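Reader: I have just opened this structure and would like a friendly tour. Could you take my questions one at a time?

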Amino acid sequence: MAFVQLIEFSTSKPEEVQKVLEQWEQSSQGKRTARRLVLGRDRNDPTRYCEIVFFDSYESAMENSDLPETQENARKLMELMDGEPVFRDLDVVEEREL
């Protein structure tokens, strides 16, 4: 079953967050199990972001989470966030093109 993780966070350093995400993308190439990433910014609060990460399954998400590159990425991102992130772990029960 496909799996999606939503990560909601606030930051006053969006350019630095983007650099860390790009570094993770390069360092985890060929290892990561994340299939797609979407980063959105809240129109009503430009310091609030939502990262949506797509995986083939919950198990592949946990494999990705255990990568040293992902652990390092999470540590760096936490330093750039204003407060604690909120994680939502979602099993995909329906997916369709509209």
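Author: Happy to help; the questions and answers below go through the sheet, the core, the pocket and a few single residues of this predicted model.

Reader: In what order do the 4 strands of the open sheet lie?

Author: The strands form an open sheet, and their pairing is antiparallel. From one strand to the next, the twist averages 15°. Reading across the sheet, the order is β2-β3-β1-β4.

Reader: Which strands stand at the edges of the sheet, and why is one side of each left without a neighbour?

Author: An edge strand here has a single partner strand, so one of its sides has no neighbour in the sheet. That applies to residues 36-41 and to residues 86-91. These edge strands are β2 and β4.

Reader: Over how many bridges do β1 and β3 pair?

Author: β1 covers residues 3-10 and β3 covers residues 48-55, and they pair in the antiparallel sense. Two partnerships help you find the pairing: Phe3 stands opposite Phe55 in β3, and Leu6 has Ile52 as its bridge partner. The pairing of β1 with β3 runs over 8 bridges.

Reader: How many residues make up the hairpin connection that joins β2 to β3?

Author: β2 and β3 pair in the antiparallel sense over 6 bridges. Across this pairing, Leu37 stands opposite Val53, and Leu39 stands opposite Glu51. The hairpin joins β2 to β3 through 6 residues.

Reader: Along β3, which side chains point to one face and are buried?

Author: Side chains alternate along β3, and buried means under 20% relative accessible area. Arg48, Cys50, Ile52 and Phe54 point to one face and are not buried. The side chains that point to the other face and are buried belong to Tyr49, Glu51, Val53 and Phe55.

Reader: Which element gives the most to the largest nonpolar core?

Author: This core has 9 residues in all: Ile7, Phe9, Val17, Val20, Leu21, Tyr49, Leu77, Leu80 and Met81. Two or more of them come from each of β1, α1 and α3. With 3 residues, the element that gives the most is α1.

Reader: Which element supplies the largest share of the lining of the largest pocket?

Author: The largest pocket holds about 420 Å³ of space and is lined by 23 residues. At least two lining residues come from each of β1, α1 (14-27), β3, α2 (58-65) and α3 (68-80). The largest share, 6 residues, comes from α3.

Reader: How many residues of that lining are nonpolar, polar and charged?

Author: To find the place on screen, look for Gln5, Ile7, Thr70, Ala74 and Phe87, which lie nearest the centre of the largest pocket. The lining residues divide into 16 nonpolar, 6 polar and 1 charged.

Reader: Is Gly30 buried or exposed?

Author: Gly30 lies in the loop between α1 and β2. Its relative accessible area is 81%, and a residue counts as exposed over 50%. Gly30 is therefore exposed.

Reader: How far apart in space are Gln23 and Glu69, C-alpha to C-alpha?

Author: Gln23 has its place in helix α1, and at 42% relative accessibility it counts as partly exposed. In sequence, Gln23 and Glu69 are 46 residues apart. In space, C-alpha to C-alpha, the distance between Gln23 and Glu69 is 9.2 Å.

Key
Residues numbered from 1 in each chain as written. Predicted model: local features only at pLDDT ≥ 70, side-chain atom pairs only at ≥ 80, totals over all residues. Heavy atoms only, no water. Pairing = 2+ DSSP bridges. Axes fitted to C-alpha atoms, helices over the stretch in contact; angles between N-to-C directions. 1 Å grid on protein atoms, 1.4 Å probe; cavity = no way out; pocket = protein on both sides within 12 Å on 5 of 7 lines; lining within 4 Å. Points joined across faces, edges and corners; volume = space filled by probe spheres on them. Nonpolar A, V, L, I, M, F, W, Y, C, P; charged D, E, K, R; others polar. Core = buried A, V, L, I, M, F, W, Y, C linked by side-chain atoms within 4.5 Å. Buried < 20%, exposed > 50% of the residue type's maximum accessible area, 1.4 Å probe, protein only.
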